[in-house]
Each structure stands twice: as C-alpha cells, then as structure tokens.
Amino acid sequence: MPWTEGYSVMRTAPVNKIIPFSNVDGPSNRMAIFFQECPFNCRFCHNPETINMCNNCGDCIRTCPVNALSLKEGKVVWDKDVCVGCDTCIKTCTHNASPKITMMSVDEVLEQVKRVAPYIAGITLSGGECTLRKDFIIELFPKVKEMGLTTLLDSNGYLDFEKESEILEYCDGVMLDVKAYKKDFSDWLIRYPNEVILKNLHYLLSVGKLEEVRTIIFPDRDKENTETVTYVAGVIQDKCRYKIIRYRQFGVRDEHRKELGDLTTDEDYALSFVGLAKSLGASKAMLI
Amino acid sequence: MSEALNIVKDPTLTYNQELIALAKLGENSDDTIVFSDEYYKAKEAGALCDLGEGKMPYRPRYICPDYDLLFEKGCDFLGLEPPKDLLEAVNALEIFYRHVPSVTTFPVYLGDLDKLLEPFVLKEDRDFAKKVLRLFLLQIDKVLTDSFVHADIGPEDSVTGRLLLELTEEMQLAIPNLTLKYDPEKTSDDFALACVRCMLKSAKPSFANHRMFVKEWGENYAIASCYNGLLKAGGGFTLPRLRLYECSLTAKDVDDFLERELPRYIDLQLEYMDKKVKFCVEEASFFKANFLVTEGFVKQENFTGMFGVVGLAECVNHLLGIEDKKKGFGMNKEATDLGLRIMDVIDKRVSEHVAPYCDATGHRYRLHAQVGIDTDGMDDSPGTRIPIFAEPTMLEQLETNEKFHPYFPTGTGDIFKFEETYEKTPEAILPIIKGSLSRGLRYFSGYLENCDVVRVTGYLVKKSEIEKLKAKKQSLNNVTVFGKGAQEGAHALDRRIQRHEDSTGQ
Ligand code: SF4
Ligand code: SF4
C-alpha cells in the first residue's frame, strides 16, 4: 500500500483541513479533521483535490496569484499566511491533489483539539479516507478520549475493520458510506472493489460501532439506487441512522458530471428512497 | 424649519414617536446642569457621547421594579390588589408597565416572567394559560413599542417558560427582548435546547451567564434593555459612553493614550456621570415623590451608574496603525493584548472613583460595553466586539470575547448568525454556548440567517419593518429606525455566518 508508507512510521499525517465547529460531521458540535488522500476514485467526488498526494510537479506554483507556493528541495511549500484561498492551484492541478496540505504530528493535532475541547462533544476524522492513517488514529484517539470527547470516523469502508480492529478500541463509532451494492456498479462508480465495504457494514453493526450509514441517490438510476438502499436497509434495520443523500453536481469533475448528470437529485425522488428504506425496517432513515 | 416643526412634519414618525421627540426637545431646552469646557470640547469631537439621554435626568435611565412586591402587596397609587389568578396577574402587570419610566419612556425590564406567573399558570388549564399569555405578549408588542423592553426567564425549567418559548416562536414578534438566565447546574439541557430552537427561529432568547451575574450582583439581578445587568428594585442612573476610536485620535502614541488621553477622557465621563446622578437624586422629584419609590418598588440605593465604552477595536487598530481590520483587533495577539491593557486602565480608574449614591455597588460605577447606535457607522464597533466584515471564525471570536466580557457587569454581549443547516441541528449550538459561558463569556445571542426577526446590535427588529421605513412608511416599533441606521451605516445585519465549512488554518 504505497500511500501509507512513510506516514505511519513518522506518526504524522497529511491534513487537508480542520473545521473547529461542525454541525454536519456527526451528532452535536464536533471538530472535523480532514486527511488528504483516498484509495478510491469516485466519479461523484465533490472534492477530487483530496484524492491524491501531491507529486511535486510544480504546475500550480506559477498560477498562484500571490506567490504563496514555492519549490524547496524539490517539494512544493505552501505559505498559508500569504494564501488568499482562491483555489487557483486546485483548479490547475491535474493530479487530483492539493499543495495546501500540512503534515501534522499527533501532538499538533491534539493541540488543536485541546483548544476547541470546551465547545465540542467530540471529534470526527474524515478525508480523503481517514483510515489510511490507521496508526496515527490508534495513537490519537485514546488521548482524545482522555479529554472527555467522543471519537468518530467518517469512512468509505476501505479498511477491513475486522482485521484491523485495534482502530476501534478507542473509537465510538464509524459513519460508513455504502455507495453501491452491486459489484459492477461499484467497480464503475468508485473504481474499487466493494466486498470489504459490505463486510464492514455487517462487522461494524455486529460490534456496535456503526454510527450511521450514508447512501447517495443518483438521478435516473432507479435500479442501482433501489438495489443499494434495499440492501443496506435490510441489514441495518432500526439499529442505526441511515442518511439518504442527494447527488449534487457541485465540485464534481466535468467528465463525470457528464456521466452522472449536471443536476441535483430531485428531492421527492430522493425522499421516495427514504420511504423505501423505512418500509424495509430502517426506521431511522432520513434525507439530508 | 425649527426642530419641532421637522418632527411634526416627518411622515415616518408615529404620533407617539413624535411625542417622545418633542418631549426630548423640551427637556433639552434647560441648561441647569453645566459641565466643564473640556467636557463640551470632547463631546463636540465625538469622544464622549450621552446616548441621547437628554440634559435633565428627571428619572433614572433604566428602572427595574420589584414585581414580586406588586404581586405581594398590590399598588396603592394604581389601586391594584395582589392578583389572585392569571388574568388578574397579567392585567396588573400591563397596568403597572405603563407607569414605569425610562430613557425610552418604555419599561426596560418586565420581570422574570416565568417565575412571576408560574403559580398562576399552574392553576389554569394549559390551553387557557397559553391564550392568556398570547394576549399578554400581543399587548406588550403593540403597546410597549420598543425593542429595549426586556423580559427574563430561567434558570429553571417551568411550564410558563415553555409556554413563553412556544408563543415567541409562533408569534414572531420583535418585542419584548428575552433572556434566559443560564446556569448549567440549574438549567436542564432539555430546556436550554428548547431555548436554542426558539432562538434560531426568532432571535431570542439570548443566554446570560447566570453564575457570573450572581457572583457580581447576587441572586437579585435583572437583565434589562439590550443586555444590561442591573439590580432588581433598582436600575441604572445613567449610561454615557467613551467612543474609544475618537478618544484615540488625540493621542500621540500608545503610551500617551494609556497614560494621559484615556485617563483624561475617563475623568470627563465620570464628571458627567456624577453630575447626572446627583441631579437625578437631589433635584428631580422622582426619588422623592414617584410611587415606585414611595411604595418601595425601587430603592434609590439599588441604582448604579453605567460607565459605557464603545469602539475598542477601532481604537486599538488606530493606535497600532493597523489599516486592514482583518489583521487587527481580535485577529492578532498584539492588538488584542493592547485592548486588554486599555480595559485594565479603564477598569482601574473607574473603580478608584467614589461614585455618589451607588450604595449597592460599593459606591462605584460599573462598566458597560455599549452596543452602538444607528449613527455610529463603521467608526466604532459595539463595545469590545470585533468589527463586522473582519470577524474571524466563531472559535476565535468566542476566545476574544471571553477575555473581555468579565470587565462588564452592567452588560456586554455578542451575536452569532447561523446558517440554515443549524435549524436541523440545534443540539450542535448548545455545547458552544455552554463552553463559552464556562470560559468567561457573559452573554450569547444568535439567530438564523433568513429570519425576519433579527438582532441588530443588541435589540431586535423585523427586517420587514425596516423595509417599511425605507418605503417612507411608519413603523410601530420605536427602534426600527435604529435598525435601519445600523443596517445601512454599520452593516449590522451583514455579520459573518457560522457555516460548517469554516476552517482555521492548521
Ligand atoms: S488557494 Fe492556491 S493559488 Fe490561491 S492563493 Fe492559495 S495557494 Fe495560491
Ligand atoms: S498540487 Fe498538483 S499541480 Fe501542484 S505541485 Fe502538487 S501535483 Fe503538481
């Protein structure tokens, strides 16, 4: 697994963004930490610049209007005090990466958490795919729990949680994306095998660590939407929240917007899947 | 045209608003109270401001009557018996309110309504009680037509408190202003959440740091007007303010400001306050003859003077030569630290001054972070707030506030505007309020973007009513015109919105 090499040893992780107060990354008020890099390459991804690590090609440096980027010893360096947040670099990058990444140690992240701790119920690690930073999380979470905070993972289900169950020891729950049930649709949509994701759905539920499941409803894909929702609802029943999310075209790469639709899924259409999920016993299904 | 004629011909003033403006004109025709030349010079330069208090304090600025006494003994002057049921209770209050003066002519404190009315509400059927309270609130909104009219609830949960919240949400009225006295030990999470939900829909109640106020005032305090902490059965004599930005203009540098100019302005404001307080107690008939005093609804010794400041941010930025607000006060440690040094100077000097007649506050005046008035424009941000358009993330804004709020027992606060997703997640707001109050925040207000009732700088107005004024129509609420000024001049409605995508740099 080339993308984890290096980081786990150093116990640092590439952080794309930290949101001190978030009301949409799990229950109550939470600090949300977004790690860079994701092993999937979902066609509907809204922030494709979080998918890969920067390869230091240097293309974006020239386009930055305020010279916040430079090349030092072959690596792209981002000066966040100079940056005006125009995202020109991200538009320039053809590698689905971002130069605005900070490598943070566990202690540095803890420092940030400590500052926000009085105002939050807990933290949520997201991404990219947070479980790529497994060892980092195993070190971080016990210290966060010591502060009296709850710990959630927002995951695409890439990591085999049963095999790597150590990560769950100090984790209060996983918010799991189940994007596609049928293999052929999954292979096309996320460009990654989904056996482990479905296995995780069962496993996390069985060990009481499934905080919620999310499924995106795509326009004009009755068959696939129905298959996925039917499957998930049948598995989770009333045991956890099931968030039905509308596909939104914003931020989606041009070529994929052509395939998936340059529109947002109709609300009533999405609601019909909430109805479907509930009728199959997933009483905590909701549209967001 | 004479000023009186201007008032009489203004089509946007209601009859009552004309009456108030004309009365003020009459009051200001007297020159009994005379200040030093230096005072007038500083006032002319805009460094001192009397907040339209008028030249002759014929009553204290803010009055917080002891309504418990009214319910216990009735009122001779008004011929009121102690009420025996809910109808009699609200009727007595409605009558009484009409006779409580203030700088605005309207009562700025309506009582701790849940505590006052609970025994009567509990004797009635819930629907009937709700109907009575609905008419009571309607009467207040249509008769006490001024958003500085303020009622308190809490800290404990109660049937009346819940009914008032339900009605506040249903009726969507700007008046009265409402505060929850919040104490994490006494206020249940469930009741606090109900208050958050109501706040998101109707911009009230605000959350007052009950423990902090009790420590400074004892249990018997009221939150009145915008967010003013005062004693019940007492109030505030006067509230002038230092306009700190203008004060800083005459200083050569930081040291000159801290050592000479600021103390000089502080002393001038103290001179003003002393004279106003003395006149009010010694000359005016209020403390001798008004029934509120003679029947014990207020006691002179429970009044204090409120020493106001405004525009700390702009003052600091000017002294440090910071042009870009986004890099100034609240955003940079040097600037915020200077703000604290300035507050220390003010706090110390005011606390060393022996104030006449302020018995309950140890013969000292108490500080107040004034919220600004419509004509301030962008020169002076309210109190110690970070300027609008320069607000950092909510976290940083709270951290700055927590440092400054403890200075102001007679009131300060900040306002947070939330994006619409918070309507579905009120439980995400409560930890923020709890956390910040535990760390020194005094007063928290919030509202949801796209609400009609909005909080301007401390008071509430309806955006639809501001539109009426812009179309040159009359608005019943006396402060809508302030809201219009604050919106156009100070962009008070353009404050930063707490969105979930707001992030700090790592
Ligand atoms: S967002 Fe990127 S391009 Fe824009 S200023 Fe920052 S580093 Fe430069
Ligand atoms: S962010 Fe993209 S464009 Fe910029 S150096 Fe890295 S890979 Fe190249």
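## Where the two chains meet

In this predicted model, 24 residues of chain B touch 20 residues of chain A. Put the two chains together and about 2000 Å² gets buried between them, with carbon and sulfur atoms giving 56% of that area. For anyone wondering about the choice of number, the size of an interface is often given as the accessible area lost when the parts come together.

On the polar side of the ledger, six residue pairs are in polar contact between chain B and chain A, counting pairs where both residues have pLDDT 80 or more. How many salt bridges are there between chain B and chain A? The count is one. A salt bridge joins the side chains of B:E399 and A:R115, at 2.7 Å from N to O. B:E399 belongs to the 235-400 stretch of domain 2 of chain B, while A:R115 sits in the 103-176 stretch of domain 1 of chain A.

## How far to trust it

For the complex, the predictor reports an ipTM of 0.88 and a pTM of 0.90. Chain A has a mean pLDDT of 94, with 97% of its residues at 70 or more. Chain B comes in with a mean of 92, and 94% of its residues get to 70 or more.

Each chain has a stretch to treat with some care. In chain A, residues 1-8 stay under 50 in pLDDT, and the model has 13 contacts for them beyond four places in sequence. In chain B, pLDDT stays under 50 over residues 500-506, and here the model has 31 such contacts.

## Chain A: domains and ligands

Chain A splits into domain 1 (1-49 + 103-176), domain 2 (59-92) and domain 3 (178-288). Between the C-alpha centres of domain 2 and domain 3 of chain A there are 36 Å.

Now for the ligands. Ligand 1 has 14 residues around it, and those that come nearest are A:C64, A:C83, A:C86, A:D87 and A:C89. The shell of ligand 1 breaks down into 10 nonpolar, two polar and two charged residues. Ligand 2 is surrounded by A:C54, A:N55, A:N56, A:C57, A:G58, A:D59, A:C60, A:V76, A:C93, A:H95, A:S98 and A:P99. Sorted by type, the ligand 2 shell has six nonpolar residues, five polar and one charged.

## Chain B: domain 1 against domain 3

The domain assignment cuts chain B into domain 1 (1-30), domain 2 (37-60 + 235-400) and domain 3 (63-227 + 413-506). Eight residues of domain 1 and 13 residues of domain 3 of chain B take part in the contact between those two domains. Together, domain 1 and domain 3 of chain B bury about 670 Å², and 51% of this is on carbon and sulfur atoms. Which three residues supply more of the area that domain 1 of chain B buries against domain 3 of chain B than any other three? They are B:T12, B:Q17 and B:I20, with 57% of it.

What about specific polar links? Salt bridges between domain 1 and domain 3 of chain B number zero, and so do residue pairs in polar contact with both at pLDDT 80 or more. On the side of domain 1 of chain B that touches domain 3, the residues are three nonpolar, four polar and one charged.

Terms used. Residues numbered from 1 in each chain as written. Chains lettered and ligands numbered in written order. Heavy atoms only, no water. Near = heavy atom within 4 Å. Nonpolar A, V, L, I, M, F, W, Y, C, P; charged D, E, K, R; others polar. Domains from an automatic or database assignment. Contact = heavy atoms within 4.5 Å. Buried area = accessible area lost by both parts, 1.4 Å probe. Salt bridge = Lys/Arg side-chain N within 4 Å of Asp/Glu carboxyl O. Polar contact = N/O pair within 3.5 Å; in protein donor to acceptor, adjacent residues only side chain to side chain. pLDDT = per-residue confidence, 0-100.
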